[in-house]
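Here is a short tour for someone meeting this fold for the very first time. Have a look at the sequence and the model, then read on.

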Amino acid sequence: MKYKIVEETKPTLKTFGKYKAKAIHNGEVDSQKIITETAERLGLSEGNVLSVMMGLSSVINRHLRNGDKVRLDSWGLMKLEIESDKVDRPEDFRPKKHIRGVRLHFLPKSEKGKPELYQNVNFKLEQ
């Protein structure tokens, strides 16, 4: 994984002015690329893989929107979390005013606290 060193530029953070590693992404892989590679790997047609992918996304999204956590055995756990402003007292909380949004949290499959997804990642400073 390539990275570069960048300065923290948000003045409100305690780490303002300090330096950190930031991942450099090579590009973006779209659905068609995933479908093609999966079809080749499994010996299936691209149409069959697309159908399964569309069905899975529909079912998973419905469960997430309904407040369920979704665990895929070989992949990890997905859940939606609310981002909101803080208030001094519970009775002051107003959803339309204080809820800023929803974020998807993904926790990769892990054995004894070591996510398989993160194993064998090699870091290279991009010059």
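Let's start in a loop: Asn120 sits in the one between β7 and β8. (Helices, meaning DSSP runs of H or I with at least four residues, and strands, meaning runs of E with at least two, are numbered from the N terminus.) Before going on, keep in mind that this is a predicted model, in which local features need pLDDT of at least 70 and side-chain atom pairs count only at pLDDT 80 or more, while totals for chains, interfaces and linings use all residues. Residues are numbered from 1 along each chain as its sequence is written, and side-chain values use heavy atoms, with hydrogens and water left out.

**Loops and odd angles**

Back to Asn120, which has a phi near 65 degrees, a positive value in a residue other than glycine. Most residues other than glycine have a negative phi. Lys112 is not a glycine either, and its phi is positive too, at about 55 degrees. You'll find Lys112 in the loop between β6 (110-111) and β7 (114-115). Val29 is also a loop residue, placed between β2 and α1.

How open to the outside are these spots? The table gives relative accessible areas, where buried means under 20%, exposed over 50% and partly exposed in between, using a 1.4 Å probe and protein chains only.

| Residue | Relative accessible area | Class |
|---|---|---|
| Lys112 | 87% | exposed |
| Asn120 | 74% | exposed |
| Val29 | 53% | exposed |
| Lys2 | 32% | partly exposed |

As for distances, Val29 and Asn48 are 19 residues apart along the chain, and their C-alpha atoms are separated by 19 Å.

**The sheet with β1**

Lys2, from the last row of the table, belongs to strand β1. What does Lys2 touch, leaving aside its neighbours within four places in sequence? Its contacts (heavy atoms within 4.5 Å) are Lys22, Ala23, Ile24, Asn26, Lys124 and Glu126. Glu111, by comparison, is 109 residues from Lys2 in sequence and 25 Å from it in space, C-alpha to C-alpha.

Strand β1 is part of an open sheet of three strands, ordered β2-β1-β8, with mixed pairing. The edges are β2 and β8, each of which pairs on one side only. Two strands count as paired if DSSP finds at least two bridges between them. Strands of a sheet pair through backbone hydrogen bonds, either parallel or antiparallel. Here, β1 (residues 2-7) and β8 (residues 124-125) run parallel and are joined by two bridges. On the other side, β1 pairs with β2 (residues 19-23) in the antiparallel sense, over five bridges. Tyr3 takes part in both pairings: its bridge partner in β8 is Leu125, and in β2 it is Ala23.

**The sheet with β4**

A second set of three strands makes an open sheet in the order β3-β4-β5, paired antiparallel. β3 (70-72) and β5 (99-108) are at the edges with a single partner strand each, so one side of each has no neighbour in the sheet. From one strand to the next, the twist averages 25 degrees. Three bridges link β3 to β4 (residues 76-84) in the antiparallel sense, and one bridge pair is Leu72 with Gly76 in β4.

**The helices**

Helix α2 lies across β3, β4 and β5, running at about 45 degrees to β4. Axes here are lines fitted to C-alpha atoms, for helices over the stretch in contact, and angles run from 0 to 180 degrees between N-to-C directions.

How do α1 and α2 cross? The axes of α1 (residues 31-42) and α2 (residues 46-65) come within 9 Å and cross at roughly 120 degrees. The two helices are therefore oblique to each other; angles under 35 degrees count as roughly parallel, over 145 as roughly antiparallel, 65 to 115 as roughly perpendicular and the rest as oblique. The α1 and α2 crossing is right-handed, which is the label used if the near helix is turned clockwise from the far one by less than a right angle, with anticlockwise giving left-handed.

Where they meet, α1 brings Ser31, Gln32, Ile35, Thr36, Thr38 and Ala39, and α2 brings Glu46, Val49, Leu50 and Met53. These contact residues divide into five nonpolar, four polar and one charged. The nonpolar class holds Ala, Val, Leu, Ile, Met, Phe, Trp, Tyr, Cys and Pro, the charged class Asp, Glu, Lys and Arg, and the polar class the others, Gly among them.
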